[in-house]
Amino acid sequence: RIFRNTEVSCVRRDAGQVTLSYQGSEEVFGELVLAVQPHHALEVLGDHATSDERLILSQFESTVDTAVLHFDATYAPPDKANWGMLNFLLPDADEPLPEPQDTVPITTCFPSTEDPNVTVFCTYDYAHAATWDGEGPAWKYDFEHLKVTPTTQALRRDLKRLQGQAS
């Protein structure tokens, strides 16, 4: 079973089973998969997180950024044949390179669920999200994600080593 948008807490955790509290009831599971940010996993596990889990999960850094959902095709390559999963809007050869505090806009393209002939774009450009200057209607969405750093990569390796170990 998959539970979404449900507040969950761990009330017991033994070798081979975990008891969760959610929606006013408790249920025992053989395994638990948490598809959440590391600090949220610590919140769910609470006092039942192992010292190793606490040590690793507490070191991940996350940030909240904004993505803009829109219909402005100028954020994708002019030729639709060149549209990819991720489209980077790089400066022209005669333009200066972005400064470290700037971002290179990344845009994804996908068909509308309402009308497959309409393309919807989602642009991630945290340095300019507040001052969006695209054409047409746009909707801003905040999302939380891990900061990707060398430390993040090392922590992911450490976390993989822990996965599957009995508590």
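Asn-5 sits in the segment before S1, and this predicted model gives the residue a positive phi of about 50° although it is not a glycine. Most residues other than glycine have a negative phi. Asn-5 is also exposed, with a relative accessible area of 86%. Gln-23 invites a look alongside Asn-5. Its place is in the loop between S2 and S3, and here too a residue that is not a glycine has a positive phi of about 50°. With a relative accessible area of 61%, Gln-23 counts as exposed, because the cut-off for that word is over 50%.

Before going further, a word on confidence. The protein chain has a mean pLDDT of 90, and 98% of its residues reach 70 or more. Among its elements, helix H2 (residues 51-57) has the highest mean pLDDT, 96, while strand S5 (residues 87-88) has the lowest, 90. Where pLDDT is low, the predicted coordinates should not be read in detail.

Now let us follow the strands on either side of Gln-23. S1, S2 and S3 form an open sheet, in the order S1-S2-S3, with antiparallel pairing. Which strands stand at the edges of this sheet? They are S1 (8-14) and S3 (25-29); each has a single partner strand, so one side of each is left without a neighbour in the sheet. On average, and with direction ignored, neighbouring strands here are turned by 25° against each other. Strands of a sheet pair through backbone hydrogen bonds, either parallel or antiparallel. Between S2 (residues 17-22) and S3, the antiparallel pairing runs over five bridges. If you would like a place to start in the viewer, pick Val-18: its bridge partner in S3 is Phe-29.

Helix H1 (residues 38-45) is a good next stop. Its buried residues are Pro-38, Ala-41, Leu-42, Val-44 and Leu-45. Why do they lie on the same side of H1? They cover an arc of only 160° around the axis, which puts them on the same side of the helix. What do these buried residues pack against? Their partners are S1, H2 and strand S8 (138-146), so the packing links H1 to a strand of the open sheet described above. After H1 comes Gly-46, whose phi is positive, near 55°.

Further along the chain there is another set of paired strands. Strand S4 (residues 62-70) and strand S7 (residues 119-124) run antiparallel and are joined by four bridges. S7 also pairs in the antiparallel sense with strand S6 (residues 106-111), over six bridges. S6 in turn is joined to S5 by two bridges, and these two strands run antiparallel as well. Cys-122 makes a handy landmark in S7. Leu-69 has Cys-122 as its bridge partner, and Thr-108 stands opposite Cys-122 too. Elsewhere on S7, Thr-119 has Pro-111 standing opposite.

On the S4 side, take Ala-67, which lies in that strand. Is Ala-67 buried or exposed? At 8% relative accessibility, Ala-67 counts as buried, because the limit is under 20%. Leaving out residues up to four places away in sequence, Ala-67 touches Cys-122, Thr-123, Trp-139, Lys-140, Tyr-141 and Phe-143. Cys-122 and Thr-123 belong to S7, while Trp-139, Lys-140, Tyr-141 and Phe-143 fall within S8. For a sense of distance, the C-alpha atoms of Ala-67 and Asp-94 are separated by 28 Å, with their positions 27 residues apart along the chain.

The walk ends at Asn-87, in strand S5. Asn-87 is buried, with a relative accessible area of 5%, and its bridge partner in S6 is Thr-107. Where does the side chain of Asn-87 reach? It reaches the backbone nitrogen of Gly-84, at 2.9 Å. Setting aside neighbours within four places in sequence, Asn-87 is in contact with Tyr-75, Pro-77, Asn-82, Pro-105, Ile-106, Thr-107, Thr-108 and Cys-109. Thr-107 is thus both a bridge partner of Asn-87 and one of its contacts. Thr-108, another of these contacts, leads back to S7, where Thr-108 stands opposite Cys-122.

Definitions and conventions: Residues numbered from 1 in each chain as written. Predicted model: local features only at pLDDT ≥ 70, side-chain atom pairs only at ≥ 80, totals over all residues. Heavy atoms only, no water. Pairing = 2+ DSSP bridges. Axes fitted to C-alpha atoms, helices over the stretch in contact; angles between N-to-C directions. pLDDT = per-residue confidence, 0-100. Buried < 20%, exposed > 50% of the residue type's maximum accessible area, 1.4 Å probe, protein only. Arc of directions from axis to C-beta. Contact = heavy atoms within 4.5 Å. Polar contact = N/O pair within 3.5 Å; in protein donor to acceptor, adjacent residues only side chain to side chain.
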